[in-house]
Amino acid sequence: MKRRNFIKTAGLASVLLSTNAKGINNILNSKFNKLVVLHTNDWHSRIEPFPTDKSRNSNKGGAARRAGLINKIKSEESNVLIFDAGDIFQGTPYFNYFGGELEFKLMSAMGYNAATMGNHDFDGGMDGFKKAQKYAKFDFITTNYDFTNTILEGRTKKYKIINANGIKVGILSANIELEGLVGAKLYKETKYLDPVELANDMAYKLKNEHKCDYIICLSHLGYKYSGNKVSDITLASQSNDIDLIIGGHTHTFMKKPDEILNKNGKKVIVTQAGWAGILLGRLDIYFDKKKKFLWSESEFV
Amino acid sequence: MKKLLIYIFFAGTLFSSCKSYYTVNKTENQYLKIDKKLDSIKDQKIESIIAPYKTKLDKKMNQIIGYADYLNKARPESTLGNWMADAIAQKASELSGEKIDFAVQNYGGLRLAEIPAGPVTLGKMYELMPFQNFLTILTVKGNILKQFFDRMADYGGWPISKSVKYQISGNKAKNIYINGKPLDLNATYTIALSDYIANGGDRCFFLKNQKKYLTDILIRDILIEKVKEENAKGHHISSKIDGRVINNGK
């Protein structure tokens with residue numbers, strides 16, 4: 001008996017020793033019951049770090065550093081998804097001279113899974129976006145922009161579903177009103193539809209028809225406003241099925257994400273990671289795996 | 001006993017084939033800083049994608065387009081702000097052929113605290129004005145302008161061209177003079193500014209529905225043009241504080 005125990009312990013130890021951090025994490029977190037969501041917003045073509053000077057953002061940010069950090073996290077975690085909440089374009093001459101193709105190439109190389117469009121992503125016009133999009137190997141989600149009869153028709157998606165090793169993640173977006181914010185020549189016949197209504201409809205569909213376990217909204221509405229302008233806080237409080245809102249537009253640095261009660265009294269997480277790639281937002285979401293019988297509503301863990 | 005085991009096995013098979021789903025147990029959050037501490041793990045592949053773009057861009061951006069005397073940004077009035085607003089006013093009237101009463105630039109739109117004395121690169125102008133803001137000519141009545149001046153006063157003073165003089169008292173503008181004459185609430189004025197403000201940006205929503213002419217000239221290109229123009233004449237870009245905006249406090 002003693003000998004058996006020894007073999008067991010030694011066996012476990014050797015498993016632990018022979019696996020890397022990722023392996024240990026998999027064992028500790030019952031393999032794929034954990035999702036790591038990384039996110040950025042408003043990185044505004046900040047390819048290189050800010051110049052080193054006396055300003056507040058001196059030497060912060062930088063795509064190569066961000067990619068290095070993503071690599072490190074991916075070496076430690078099995079279930080990593082990366083999103084961006086828009087305004088990828090505009091802010092450094094990289095955009096003015098190369099029209100955004102470098103930004104998209106880098107995001108593709110970093111393994112972004114999806115992004116949404118911010119108002120500044122129209123700054124090169126519809127054709128500018130279309131040209132740059134050739135270099136994007138990830139999807140753009142624009143749930144409440146209607147691109148019918150424009151050159152972007154069919155080039156973005158209303159939603160996306162990612163099967164993250166069994167965890168079904170539904171992605172939708174909430175996009176900002178363009179009128180008054182972007183020159184009409186730039187967005188042409190793009191129609192802005194009610195973000196709250198469309199996000200809710202899509203979230204319902206993802207949850208109930210597509211049976212998604214977790215619903216993420218990539219939002220470029222902005223964190224919150226003093227007036228009536230629709231924001232992430234408005235959306236969260238008027239939603240039913242959204243679990244997480246990854247925000248942008250207002251360049252908000254938060255100490256921690258907000259937890260807003262939705263229409264059903266359920267918590268919705270509202271987060272945003274500053275701007276310019278100064279931060280990489282990270283959420284570690286732990287799930288309980290449950291099973292459902294076809295003939296009953298009872299469940300067991 | 002054997003039968004029971006078979007049942008358990010059977011039940012187990014059923015369980016494993018039935019639908020599984022996930023509910024959130026807990027969520028942890030971090031905002032990870034992207035700074036020089038990550039230099040040791042920088043992604044080399046990303047750097048190699050950037051490299052050819054950077055080489056091309058640096059060559060363009062390091063081009064010297066002129067020379068400057070020291071200019072800095074401050075409120076209510078500053079040398080950098082005055083230089084910019086004057087340049088915009090000059091170019092706006094040259095380009096539109098209209099008489100421009102004054103030009104104004106929102107303070108937040110100036111993205112450099114200073115321009116050091118010496119050579120000015122093209123890149124410096126991009127840093128000063130990274131946004132794609134287009135020159136807009138606005139025709140507006142004096143009573144709307146009063147609201148605009150009050151808004152500027154509330155922000156502590158915005159860069160404005162030399163034809164204007166006013167004072168800030170608390171968060172209001174007073175003693176407003178345009179071309180040496182007091183602001184006439186009933187008169188019509190022509191002003192030059194960015195599309196961002198003309199479209200109601202920075203809480204200037206009262207400008208939103210005014211008669212406007214949107215050009216396709218970037219404010220940045222106006223500044224670049226001005227630096228080159230001065231350089232061609234052998235001049236530095238320079239400016240001085242001349243009491244356009246005075247803050248009297250409360």
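The exercises below, each with a worked solution, concern a predicted model with contacts between chain A and chain B.

**Exercise 1. The extent of the interface**

Determine how many residues of each chain are in contact across the interface, and how much area chain A and chain B bury between them.

Solution. Begin with the contacts: 66 residues of chain A are in contact with 46 residues of chain B. Turn next to the area, for the size of an interface is often given as the accessible area lost when the parts come together. Chain A and chain B bury about 5300 Å² between them, and 64% of this lies on carbon and sulfur atoms. On the side of chain A, the residues that lose the most area to chain B are A:Arg65, A:Tyr97 and A:Tyr286, which together account for 13% of what that side buries.

**Exercise 2. Polar contacts, elements and strand pairing**

Count the salt bridges and polar residue pairs across the interface, then identify which element gives the most to the side of chain A that touches chain B.

Solution. The rule finds two salt bridges across the interface of chain A and chain B. A:Glu48 forms a salt bridge with B:Lys54, in which the closest N and O atoms are 2.9 Å apart. For polar contacts, the rule finds 20 residue pairs across this interface, with both residues at pLDDT 80 or more. The elements of chain A that give two or more residues to the side touching chain B include helix H3 (63-76), helix H5 (101-110) and strand S13 (279-292). S13(A) gives the most, with 14 residues. By class, this side of chain A has 30 nonpolar, 17 polar and 19 charged residues. As a last step, consider the pairing: S13(A) and strand S1 (residues 19-33) of chain B pair in the antiparallel sense over 14 bridges, and A:Phe287 stands opposite B:Val24 in S1(B).

**Exercise 3. Two salt bridges at one aspartate**

Compare the surroundings of A:Lys157 and A:Lys160, given that the side chain of each meets that of A:Asp139 in a salt bridge.

Solution. Take A:Lys157 as the starting point: the salt bridge between A:Asp139 and A:Lys157 has an N to O distance of 3.2 Å. This pair links distant parts of the chain, with A:Asp139 in strand S4 (residues 139-141) and A:Lys157 in the loop between strand S5 (145-146) and strand S6 (160-164), 18 residues apart. A:Lys157 has a relative accessible area of 38% and is therefore partly exposed. For A:Lys160 and A:Asp139, the N to O distance is 2.6 Å. Because A:Lys160 lies in strand S6 and A:Asp139 in strand S4 of chain A, the pair ties together parts that are 21 residues apart in sequence. A:Lys160, with a relative accessible area of 17%, falls under the 20% cut-off and so counts as buried.

**Exercise 4. A helix pair and its network**

Locate B:Glu230 and B:Lys226, and establish whether each is buried or exposed.

Solution. Both residues lie in helix H7 (residues 219-232) of chain B, four residues apart, which is about one turn of the helix. Their side chains meet in a salt bridge with an N to O distance of 3.0 Å. B:Glu230 is buried, at 11% relative accessible area, and B:Lys226 also counts as buried, at 10%. Salt bridges that share partners join these two with B:Lys91, B:Glu94, B:Glu229 and B:Lys233 into one network.

Methods. Residues are numbered from 1 along each chain as its sequence is written. Chains are lettered from A and ligands numbered from 1 in the order in which they are written. This is a predicted model: local features need pLDDT of at least 70, side-chain atom pairs count only at pLDDT 80 or more; totals for chains, interfaces and linings use all residues. Side-chain values use heavy atoms; hydrogens and water are left out. Contact means heavy atoms within 4.5 Å. Buried area is the accessible area (1.4 Å probe) that two parts lose on being put together, summed over both. A salt bridge is a side-chain nitrogen of Lys or Arg within 4 Å of a carboxyl oxygen of Asp or Glu. A polar contact is a pair of N or O atoms within 3.5 Å; within protein, one must be able to donate a hydrogen and the other to accept it, and residues adjacent in sequence count only if both atoms are side-chain atoms. Ala, Val, Leu, Ile, Met, Phe, Trp, Tyr, Cys and Pro count as nonpolar, Asp, Glu, Lys and Arg as charged, and the others, Gly among them, as polar. Two strands pair if DSSP finds at least two bridges between them. Buried means under 20% relative accessible area, exposed over 50%, partly exposed in between (1.4 Å probe, protein chains only).
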